[in-house]
Amino acid sequence: MAIVNVFWEEAIKQVKEDYINDSREEDFQWWIAKINFIESQGTTIYVSVPSKFVKDQLDARGHTSYIENKLLEISGDKFKIEFKIEVNQEQRKIEIEDDEPVIINQTKEVQNTDISNTNNTENRKKSRLEEDYSFNSFVIGDNNSFAYNAALAVAKNPGRAYNPLLIYGGVGLGKTHLMCAIGNHCLANGDKKVIYVTAEDFTNEFIESVGAKTTQKFKNKYRNADILLIDDIHFFQNKDGTQEELFHTFNALYDSFKQIVFTCDRPVSELKNLADRLRSRFERGLNVDLSLPSYETRRAILEKKLVSMGMQISSDVIDYIAQNVASNVRDLESALTKIIAYTELVGKEVTLEIAQQELRDKINIQQNTNIGAETIIKVVADYYGLSVKDIKGPKRSKNVMLPRQIAMYIVSELTEYSTTEIGGEFGGRDHTTVMHSVKKMADSIKVDSGLDSTIQILIKNVKEYKNWQLV
Ligand code: ADP
Ligand code: MG
C-alpha cells in the first residue's frame, strides 16, 4: 500500500502546520519530528522512534491520537500507529565508550511494543491494569523485599498463600506497582478473571448502581472475580454504604478462595470511621509495608528505569539524583524524566552541571525547606482528625496523648528547636515532658514497626505540605 506513505506524509505536514498555528512548534520538534515511517499493513502503520520514552510521551501528550485523527480526516480510514523502538546507532556508540558498565540489553535494539496475544490484551483491558507494572520492573531493596516476596507468593498461588494481602505505605513507594504486578502475573499465567479498581472508583460505581437500580450487576461483577485488587482503601473511611457492600463482596470471594489484595496509605489500625468487621477483614491474611528506599535502592531504581527506556546517563548524574531526591520513587522518576527530556532535546549526554541546573527547583525545595513546629502540629492533627488546639491543649486522653508525642518527636527530628522551644510550641509544656516524649517515641519505633511507618508517613506529609505551600 504505497499510497499510505503519501497519506502519512500529508498528515505529518498538516499536523506540523496545525502545531505551528497553535504555537506548539516546539512540541512538534521535540516529539513528532522523531517519528520515522517504516511501512504499512492494512490499516496499521509501523513507525520507529528512538526510545520507549519518546513513544510513551507521544501517547501521553496526545500526539499519537492527533496524528491518527489527521490520517482519518485525509484518507477516510481509521489507521492505527504501531511503534518500534530503534536505538540510534550514533548515540549508542557514545554510551558504550563511556567507562561505566554498559547495561543496555543488546537484544533490545529493535523492540516491538505491540502485544501479540490479543486475548491477553483483551483481558488486560478489562482488568484496567497498568501493564508496565511487573515484578521484573520492580527493583528489590531493603525497604520493599518483604512486600515484594509476599506479592510474588500471592501471584504464584492466588487465594491460597496469603488472603487477603494488604500492602501499605506512603505515596509513591510502589503499592500500585506491586498490586498490578500480581494482576499481570495472574493474567499471563492462566485464564483468571482479574479486576483492578481504585477504592474511589469502586465507591462511585457502587453509588451509581444504587441510583440506577443495577446493584445486582455490580455485585455479580465483583463477586465473579478470581483476583480482586482494590487500590487505596483509605478512601473507604466514612463511606458506610460502600463499606457494607465491600464487606459482603469480601466474604463471597474469601469463602470461595478467591484472592483479594488491598493497598492503603497507612496501617489499618490508623484508619478512622471504618466498620470493625471490615477492619478485621483487612487485618486478616498478611499486612506488609513499603518504606522509603535507601540510597542504593534509589540508584538501582534509576538504573533500571534507564535500561527499560534504552537510555544511559552518566554515573555522576545518576548519583546526584539518587543522593538528592529521597522523598519517594515517584519523585525520583520525575527527576529522571526531566533529565532524559533534556538529553533527548539536545542530543547529547547531560553533565552534572546541567543536571544541577535542571533539577535545582525540585531539590532545593526538598532540602532547604524550613519546616516549623506549626506545620508539623497541623499535619499530625489532620491525620488523626484532631484540631491543633487539641494537640497544644491540656487533654490527656490516649487519643490525644499519642499524636502529641508523635508531633513532638517529629519536631525534634526535623527542626533545630531545643526541648524548651518545643515545649513552648506545645502550649507551654516543660522541657522534661518533651524529653520524655521524644525518648519514648524513639524507643517505641524500634520495636513497633506500625508506629515507625506511621511516623514516616507523617514526616513525608509534613514535607509535602510544605512543598505544596511553596509552589
Ligand atoms: P504508590 O501506589 O505507592 O503511590 P506507585 O506504585 O504508583 O506508588 O509507584 C510510583 C512510581 O514509582 C511508579 O512509576 C512505579 O513504577 C515506581 N516504583 C515504585 N517502587 C519501585 C521499585 N521498587 N522499582 C521500580 N519502580 C518503582
Ligand atoms: Mg497508588
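## Surroundings of ligand 1

An oxygen atom of ligand 1 lies 2.7 Å from an N or O atom in the side chain of Glu 333. This distance, like every value in this report, comes from a predicted model. The side chain of Lys 175 also takes part: one of its N or O atoms is 2.8 Å from an oxygen atom of the ligand. With Leu 173 the partner is a polar backbone atom, found 3.2 Å from an oxygen atom of ligand 1.

In total, 18 residues surround ligand 1. Those that come nearest are Gly 172, Thr 176, His 177, Arg 330 and Glu 333.

## The open sheet

Five strands form an open sheet in the order E6-E7-E8-E5-E9, and their pairing is parallel. At the edges are strand E6 (194-198) and strand E9 (286-289), each of which pairs on one side only. From one strand to the next, the twist averages 15°.

Strands of a sheet pair through backbone hydrogen bonds, in either a parallel or an antiparallel manner. Here, strand E7 (residues 227-231) and strand E8 (residues 259-264) run parallel and are joined by 4 bridges. In one of these strands, E8, Gln 259 is the bridge partner of Ile 227. Helix H9 (residues 199-211) packs on the sheet, where it touches E6 and E7. The direction of H9 makes about 90° with that of E6.

## Helix H7 and its cover

Helix H7 covers residues 145-156, which makes 12 residues. From its first C-alpha to its last it reaches 16 Å, close to the 16 Å expected at 1.5 Å a residue.

Which residues of H7 are buried? They are Ala 147, Tyr 148, Ala 150, Ala 151, Leu 152, Val 154 and Ala 155. Their cover includes strand E5 (165-168), helix H8 (175-188), E8 and E9. Two of these strands, E8 and E5, also stand within the order of the open sheet.

## Helix H20 and the loop after it

Helix H20 (residues 398-414) has 17 residues, so at 1.5 Å a residue it should span 24 Å. Its end C-alpha atoms are indeed 24 Å apart, which agrees with that expectation. The buried residues of H20 include Val 400, Pro 403, Arg 404, Tyr 409 and Val 411.

The loop between H20 and helix H21 (419-425) contains Glu 416. Is Glu 416 buried or exposed? Its relative accessible area is 80%, and therefore Glu 416 counts as exposed, a term applied to values over 50%. Although Glu 416 and Gly 372 are 44 residues apart in sequence, their C-alpha atoms are 9.3 Å apart in space.

Terms used
Residues are numbered from 1 along each chain as its sequence is written. Chains are lettered from A and ligands numbered from 1 in the order in which they are written. This is a predicted model: local features need pLDDT of at least 70, side-chain atom pairs count only at pLDDT 80 or more; totals for chains, interfaces and linings use all residues. Side-chain values use heavy atoms; hydrogens and water are left out. Two strands pair if DSSP finds at least two bridges between them. Helices (H or I, at least four residues) and strands (E, at least two) are DSSP runs, numbered from the N terminus. Axes are lines fitted to C-alpha atoms, for helices over the stretch in contact, and angles run from 0 to 180 degrees between N-to-C directions. Contact means heavy atoms within 4.5 Å. The expected span of a helix is 1.5 Å times one less than its number of residues. Buried means under 20% relative accessible area, exposed over 50%, partly exposed in between (1.4 Å probe, protein chains only). A residue is near a molecule or strand if one of its heavy atoms lies within 4 Å of it. A polar contact is a pair of N or O atoms within 3.5 Å; within protein, one must be able to donate a hydrogen and the other to accept it, and residues adjacent in sequence count only if both atoms are side-chain atoms.
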